[in-house]
Amino acid sequence: MPDLHTHFTDLNIEPHMYASQWFITIFTVKFPLPFVYRIMDMVLCEGLDTIFRVALALLKASRSQLLQQDFEGVLNHFRVALPKRYSSEKETNQLIAQAASTKVRNSKSHSTTR
């Protein structure tokens, strides 16, 4: 998602402005409980990489909307529109499937130092 990265850089939006709450609370603060339960199931079964996979899936699923927003619009999307979208079981199932198919590289296993 280089285009999304560029857009966020142009708007001076940094990951801590939207993602820190996801990681600290494991999505429990803003998202509907059925959504959170699904993520917790994945965390327990597949490990903490699930949190990163869900975060990436959220960005991928919102990419086209985010690219059209200004600074306030992006932050509002993360704060209001995104959690509301996943009150639907259908949307939640699609996101969970996307997250499950997303690969996260473990930086320790790819380290060049020995």
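Q: Let's start with one residue. Is Phe 35 buried or exposed?

A: To read this, look at the relative accessible area: under 20% counts as buried. In this predicted model, Phe 35 has a relative accessible area of 1%, so Phe 35 is buried.

Q: And what is the relative accessible area of Tyr 86?

A: Tyr 86 comes out at 2%, so Tyr 86 is buried as well.

Q: How do Phe 35 and Tyr 86 sit relative to each other, and what kind of aromatic pair do they form?

A: For two rings, check the centre distance and the angle between the planes. Here the centres are 5.3 Å apart and the planes are at 35°, which makes the pair tilted. Now find the two on the chain: Phe 35 belongs to helix α3, while Tyr 86 is in the loop between α5 and α6. They are 51 residues apart, and the pair links distant parts of the chain.

Q: How many aromatic pairs are there?

A: The count is 11. One of them is Tyr 18 with Trp 22, an edge-to-face pair with 70° between the planes and 5.8 Å from centre to centre. Tyr 18 and Trp 22 are both buried.

Q: Which residues do the ring pairs link into a cluster?

A: Trace from ring to ring and you get Phe 8, Tyr 18, Trp 22, Phe 27, Phe 31, Phe 35, Phe 78 and Tyr 86.

Q: How many residues are in the largest nonpolar core?

A: A core is read by following buried nonpolar side chains that touch one another. This one has 27 residues, and those with the most contacts inside it include Phe 8, Trp 22, Leu 58 and Phe 78. Helices α1, α3, α4, α5 and α6 each give two or more residues, with α4 giving the most, at 7.

Q: What does Phe 8 touch, leaving out residues up to four places away in sequence?

A: Phe 8 touches Ile 13, Tyr 18, Leu 59, Leu 66, Val 74 and Phe 78.

Q: Where is the kink in α5 centred?

A: First, the general idea about helices: residues three or four places apart point the same way, because an α-helix has 3.6 residues a turn. Now the case here: α5 has a kink of about 45° centred on His 77. From first C-alpha to last, this 15-residue helix reaches 20 Å, close to the expected 21 Å.

Q: Which residues of α5 are buried?

A: Gly 73, Val 74, Leu 75, His 77, Phe 78, Leu 82 and Pro 83. The buried residues of α5 pack against α1, α2 and α4.

Key. Residues numbered from 1 in each chain as written. Predicted model: local features only at pLDDT ≥ 70, side-chain atom pairs only at ≥ 80, totals over all residues. Heavy atoms only, no water. Core = buried A, V, L, I, M, F, W, Y, C linked by side-chain atoms within 4.5 Å. Buried < 20%, exposed > 50% of the residue type's maximum accessible area, 1.4 Å probe, protein only. Helix = DSSP H or I, 4+ residues; strand = E, 2+ residues; numbered from the N terminus. Contact = heavy atoms within 4.5 Å. Expected span 1.5 Å × (residues − 1). Bend = angle between axes of the 7 residues up to and from the residue. Phe/Tyr/Trp six-rings, centres within 6.5 Å; stacked < 30°, edge-to-face > 60°.
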